[in-house]
Amino acid sequence: MSATTNPTVLTATGLGLTGVSSAHATERVSCFHCGELCPDHTFTQGEKTFCCQGCLIVHDLLRENGLDQFYDLSRHPGVKVRGAGRQGQWSYLDDASVRTQLLDFDDGKLSRVRLHVPGIHCVACVWLLENLFRLHPGIGKSQVNFPRREVSLAFQPERIRLSQVVELLASIGYEPQLTLGELDRQPPHSLRRKQWLQVGIAGFAFGNIMLMSLPLYLGLDSFSGPLFRKIFGFLSLIFALPVLVYSASDYWRSALLSFRQRRMTLEVPIAAGLAALYAQSAYEILGGMGEGYLDSLAGLVFFLLCGRVFQQRTQERLAFDRDYKCFFPLSAMRLTAEGEESVAISKLAVGDRLIVRHGELLPADCRLQSGSACIDYSFVTGESEPVAKAAGDHLYAGGQQRGGAITVETVKPVSRGYLTSLWDHEAFRKERHQSYNTLTNRFSRWFTRWVIAVALGVALYWLAHGQTGRGLKAFTAVLIVACPCALALAAPFTLGTAQRALAAIRIFLRNAQVLERLAQVNTIVFDKTGTLTMADASEVRFLRADASEPGAIGAALSAMEKHWVAGLARQSAHPHSARIYQWLGGGDIAPAEEFKETAGGGIAGRIAGRVIRLGSRAWLENAGIHVRDTALPVGSAVHFAVDGEYRGVFVLNNRLRPETETLLTDLGSHYELALLSGDNARERERFRQLFGNQARLQFNQSPLEKLEFIRGLQESGRVVMMVGDGLNDAGALRQSDVGVAVVEHAGAFSPASDVILEAGRVGQLAETLRLARRSVRIIRLSFSLSSLYNLIGVGIAAGGLLSPLIAAILMPLSSFTVVAFACGMTNRAARPLRIFRNECP
Amino acid sequence: MSVIVLLILASLSIAVTFLLGFIWAVRSGQYEDIETPSMRILMEPHRKPDPSRTNNQKPSP
């Protein structure tokens, strides 16, 4: 840790500055550490340029500890260190109750902790985090789970505290995500272990039984005598037993469940087929009459389980079930008589005084005590404009402070706030639809009936002809051959392939069934802020007061005026100021003197002897400035005056995502569209044009109203897809048939949903829906194909002619062709998506 | 021919050993993460910090 404040950094920077910056002064260079474009050449070392002090420090720290292999493993592997941590920021982690909840293991000498680090993104990250012990002697073995973006590390609490471990991670750019949800995180589930064991055992049995069946098929026993037939038969029976009992146990269980609930799922004929296979084989082998169908049985189970593994290997690093708890931080800064202290959220009491700084969340409903509060509720309510608040005002949990530090007093416990009350709604209480109404189950309903009818019919036919033995054999043979293995594989492989193709372009589905539901969608509801518009980018226009024609005078700001406005705006943390400053090109401009900010009003200051004012109309008029009326376009207005003379107005608009327009036109021709926004209706006209005249546009919607709106649509028989991003959409996402959460990057927080979509991918929604519809068509075709095989098989079986050899050939053949057909066709259908793949980082 | 019985028993016991190995591997959590190990293979084993490198002068490789 001592290395973070190393004096050599400064000398090296100084040396590099003279040599390199003049040579490359014009071209922009990527940071050697994190790959972001460097604003200038302030931070260089030898031939390497860095974008900021933070990256340079991390680079030197790694260098001194012999960890520079980090930079050989991939290009620009580092993570930019955003904002220096405050002293004692993590101290709440050493609190005994938080500690015990976070630690996986602790005996006083050695502790082990698992931390979720969203910043992990490449091989070099894995390598660095697994070599952490070289940065601090107190840290032992650390291991990264890349798909889950987790690092589990052991440390000696006597030499390094948990807070220091986290601080070390944060100092090299890998700040762990410590939210309230992290506390009641499940331990790694043993479910997948069981699945691997089931597949492994089925595969083992399949291979060995096959080896022992082959000689019998080839007629080996004709010259070796009945000895081997007996031995092989008994061994096969033994091997097949664990397959039947253990590997196929999930099919038994769901078949039994469907049977009890009087549902005809696909598991019923599968279970019947398995039972018939084993019973018939045992009867033949024990009776010394034949070799049975045990290889077919083991193969069947093995293929089925492979299909399941294929389908379920989804993006497990994405949590689709996150609730508000994952949004709240673990700690807050409490003000006490002695000063500030970091306190765990769970220990916050009503009446505590907290300090909330720029960019931090309000952990509970509070009352503002002091400071200029400008609260951004966009994630919570969908309102895109931050709200200025005065002392004494009530602030809702989940709002984000923009601007300076404020002091607040909590008025409600964390779990009783306005935001968390949404989670008490009944929509959250019922299990997320584990639908039985899948395509496979609908198909299997009539399939099962047919199979049972045919099997019984055949048995009765032979009984009527007095051939009881043949009738019984034909009955089991029909059940065996009609066992819908290929049918059961069609959906998992089609949907699994489609799911993978989507994941390759960073559209993640919760499970494969979501695709089926996507194909049924006929109504699409969009949230506005953050979904169709970008959360923190905006269009800025300047309208000069004396111009008669608004809109044509964007450039009419003189260089002098630009300088004044930028100098003033840069000093305020208000989002409007920040956007105007950014629009003017940023840069290092001398700040205004006598700077004054009025919350909810505006900012004023003196530059080069002139008094510059930026603010609301009312605030300027209060200062005695005459604001001329102009026809203002839609957007937030910031008026501008110099020395008491009105100059004009800046109009800020939320910028639409560039692809929004094409997407809406594309979708509008196939689907019914609607807009649900928590924002006010000032942009109604703009969206009316985009959505067309039929679409329903709803503004000022509370989270609960959004949920009810979706429910209303569903009650009128619509299948609704909701696309949203914020916590305010959580209810609507939950209620809709398919909830699509839009996130800035896949690791970021998203409300519980069925699909997680990176913001840059909103434009590909139409493609996604198209692929879903095609996949469902492919499944239907695969069903016909596998039914054809079953028809041939049943034809043979009904005559009582099914030999084990035919069964052993027919079953895998049908499975393989169906799987090949399903995967091949789906890959073809997903080909249009490939062009987007290269754009991915 | 009956010697084949012995061979079969021998081969089966080997096969079962592998199966037990697989079960042990799954139980010990080796199948929990099947992606990261493929990245670890690219990494060199521990390289001792080179004392000549501490003065910020990287020797050309």
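Select chain B first: of its 61 residues, 2% are buried. In this predicted model, chain B has two helices and zero strands.

Now select chain A. Here 46% of the 841 residues are buried. The chain has 27 helices and 28 strands. Among its contacts with a separation of 6 or more, 65% involve residues 24 or more positions apart.

**The nonpolar cores**

Colour A:Leu297, A:Ala298, A:Val478 and A:Val481. They belong to the largest nonpolar core, which has 202 residues, and they touch the most other members. Keep A:Val481 selected and show what surrounds it. Beyond its neighbours within four places in sequence, A:Val481 is in contact with A:Asn790, A:Gly793, A:Val794 and A:Ala797. The list also takes in A:Leu802, A:Ala807 and A:Leu810. Then move to another core, which lies apart from the largest one and has 24 residues, including A:Val540, A:Ala592, A:Leu614 and A:Val638.

**Helices H26 and H27**

Select residues 765-798 of chain A, helix H26, together with residues 804-829 of chain A, helix H27. Their axes come within 10 Å and cross at roughly 165 degrees. Angles over 145 degrees count as roughly antiparallel, so H26(A) is roughly antiparallel to H27(A). The crossing of H26(A) past H27(A) is right-handed.

To see the contact from the side of H26(A), show A:Leu771, A:Arg774, A:Ser775, A:Ile778, A:Ser782, A:Leu785, A:Ser786, A:Tyr789, A:Gly793 and A:Ile796. From H27(A), add A:Ile806, A:Leu810, A:Ser814, A:Thr817, A:Val818, A:Phe821, A:Ala822, A:Met825, A:Thr826 and A:Ala829. Coloured by class, the residues of this contact are 12 nonpolar, seven polar and one charged. Two residues shown here, A:Gly793 and A:Leu810, are also among those in contact with A:Val481.

**Helix H17 against H26**

Keep H26(A) on screen and add residues 513-520 of chain A, which form helix H17. How far apart are the axes of H17(A) and H26(A), and at what angle do the helices pack? The axes are 8 Å apart, and the angle is about 105 degrees. That makes H17(A) roughly perpendicular to H26(A).

On H17(A), pick out A:Leu515, A:Glu516, A:Leu518 and A:Ala519. They meet A:Thr768, A:Leu769, A:Ala772, A:Arg773, A:Ser775 and A:Val776 of H26(A). By class, this contact has six nonpolar, two polar and two charged residues. A:Ser775 also takes part in the contact of H26(A) with H27(A).

**Two strand residues**

Go to A:Val755, in strand E28, residues 755-758 of chain A. Is A:Val755 buried or exposed? A:Val755 counts as buried, because 25 C-beta neighbours lie inside 10 Å. Measure from its C-alpha atom to that of A:Ile507: the separation is 7.2 Å, although the two residues are 248 residues apart along the chain. Leaving out residues up to four places away in sequence, A:Val755 touches A:Ile507, A:Phe508, A:Leu509, A:Arg510 and A:Val514. A:Val738, A:Val740 and A:Ala741 are on its list of contacts as well.

End at A:Ala154, in strand E6, residues 150-155 of chain A. With 17 other C-beta atoms within 10 Å, A:Ala154 is partly exposed. Its C-alpha atom is separated by 6.2 Å from that of A:Ser142, and the two are 12 residues apart along the chain. Show A:Leu110, A:Ser111, A:Arg112, A:Gly140 and A:Lys141: A:Ala154 touches these, not counting residues up to four places away in sequence.

Technical notes. Residues are numbered from 1 along each chain as its sequence is written. Chains are lettered from A and ligands numbered from 1 in the order in which they are written. This is a predicted model: local features need pLDDT of at least 70, side-chain atom pairs count only at pLDDT 80 or more; totals for chains, interfaces and linings use all residues. Axes are lines fitted to C-alpha atoms, for helices over the stretch in contact, and angles run from 0 to 180 degrees between N-to-C directions. Helices (H or I, at least four residues) and strands (E, at least two) are DSSP runs, numbered from the N terminus. Angles under 35 degrees count as roughly parallel, over 145 as roughly antiparallel, 65 to 115 as roughly perpendicular and the rest as oblique. A crossing is left-handed if the near helix is turned anticlockwise from the far one by less than a right angle, and right-handed if clockwise. Two residues are in contact if their C-beta atoms, placed from the backbone, lie within 7 Å. Ala, Val, Leu, Ile, Met, Phe, Trp, Tyr, Cys and Pro count as nonpolar, Asp, Glu, Lys and Arg as charged, and the others, Gly among them, as polar. A residue is buried if 20 or more other C-beta atoms lie within 10 Å of its own, exposed if 12 or fewer, and partly exposed in between; C-beta atoms are placed from the backbone. A nonpolar core is a set of buried Ala, Val, Leu, Ile, Met, Phe, Trp, Tyr and Cys residues joined through C-beta atoms within 7 Å.
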